[in-house]
Amino acid sequence: MLAALTGLGLSTAAGLNAYIPLLVVGVLANLTDAVKLPDGYSWLSNWGVLAVIAVLLMAEFVLDKVPAVDSVNDTIQTVVRPASGGVVFSATQAAAEFDHSTWMAEHPWAGWLLGIVMALAVHAVKAAARPVINAGTAGVGAPVVSTAEDAGSLGMSLVAVFAPALVIVALLVMAVLAWWLIRKVRRIRARRRAARGQP
């Protein structure tokens, strides 16, 4: 159970920012015993790979805070974030050792699939909401929301590794926020259509 919660938390974080959970997992695998990478994922703890991920994170950090550019970035990230979610979910399956469960280890595709679906769902909400937020705030909201997403990704990554039981609470909070955000986006779009005289 803890392995699945760790994976779900990290893939959720990847839906907000593809690179933060990858860096967290890679750095912790290098410097601590908190993350033990399974066979085939040792590349994630390579300092050269982590340096490349850090550069990509810096680019994402800047681009995601610029109105209009953030939407282009979200389009590109439609592939990157789900892939990152699949990687971090699968890369932390070593936590299954603590669960005394071998099911995930015997079915590696399940980790990839869960990670991809979770990250894609979070990314879809983020990508749909951002243009509406930008338009509604004349672009001022972009850096604020992006910073909150980055903080959420880092926080969720750390919770997933060090306190996976709390991932359930974090996911419930995020689900409520997503529901509220989707409703707000729909209301704003409905008002715009009404203002244009569209059905």
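Author: Buried means under 20% relative accessible area, exposed means over 50%, and partly exposed lies in between. The model considered here is predicted.

Reader: How is L63 to be classed by its relative accessibility, and in which helix is L63 found?

Author: L63 is found in helix α3. Its relative accessibility is 37%, so L63 counts as partly exposed.

Reader: Which residues form the nonpolar patch on the surface?

Author: A residue enters a patch only with over 30% relative accessible area and no salt bridge. In this model, the nonpolar patch consists of M58, F61, V62, L63, V66 and V69. Together these residues have about 480 Å² of accessible area.

Reader: Which helix gives the most to the nonpolar patch?

Author: Helix α3, which spans residues 47-63, gives the most, with four residues.

Reader: How far apart are G152 and V69, in sequence and in space?

Author: Separation along the chain and separation in space are read as two values. G152 and V69, the latter a member of the nonpolar patch, are 83 residues apart in sequence, and their C-alpha atoms are 21 Å apart in space. G152 has its place in helix α8, residues 141-162. With a relative accessibility of 29%, G152 counts as partly exposed, because that value falls between the 20% and 50% limits.

Reader: Which residues form the positive surface patch?

Author: R183, K184, R187 and R191 form the positive surface patch. R191 is placed in helix α9, which covers residues 167-196. Its relative accessible area is 55%, so R191 is exposed.

Reader: Where is A165 placed, and with which residues is A165 in contact beyond its neighbours within four places in sequence?

Author: A165 lies in the loop between α8 and α9. Once neighbours within four places in sequence are set aside, A165 is in contact with L2 and L5. The C-alpha atoms of A165 and G9 are separated by 9.9 Å, while the two residues are 156 residues apart along the chain.

Reader: Is T6 buried or exposed, and which residues does T6 touch when those up to four places away in sequence are not counted?

Author: T6 belongs to helix α1, residues 2-16. Its relative accessible area is 7%, which is under the 20% limit, and therefore T6 is buried. Not counting residues up to four places away in sequence, T6 touches T92, A160 and P164. One of these, A160, falls within the residue range 141-162 of helix α8.

How values were computed: Residues are numbered from 1 along each chain as its sequence is written. This is a predicted model: local features need pLDDT of at least 70, side-chain atom pairs count only at pLDDT 80 or more; totals for chains, interfaces and linings use all residues. Side-chain values use heavy atoms; hydrogens and water are left out. Buried means under 20% relative accessible area, exposed over 50%, partly exposed in between (1.4 Å probe, protein chains only). Patches are made of residues with over 30% relative accessible area and no salt bridge: like charges are joined within 9 Å, nonpolar side chains (Val, Leu, Ile, Met, Phe, Trp, Tyr) within 5 Å. Accessible areas come from the Shrake-Rupley method with a 1.4 Å probe; for residues, only the protein chains shown count as cover. A salt bridge is a side-chain nitrogen of Lys or Arg within 4 Å of a carboxyl oxygen of Asp or Glu. Lys and Arg count as positive and Asp and Glu as negative; His and the chain ends are not counted. The place of a charge is taken as NZ of Lys, CZ of Arg, CG of Asp or CD of Glu. Contact means heavy atoms within 4.5 Å.
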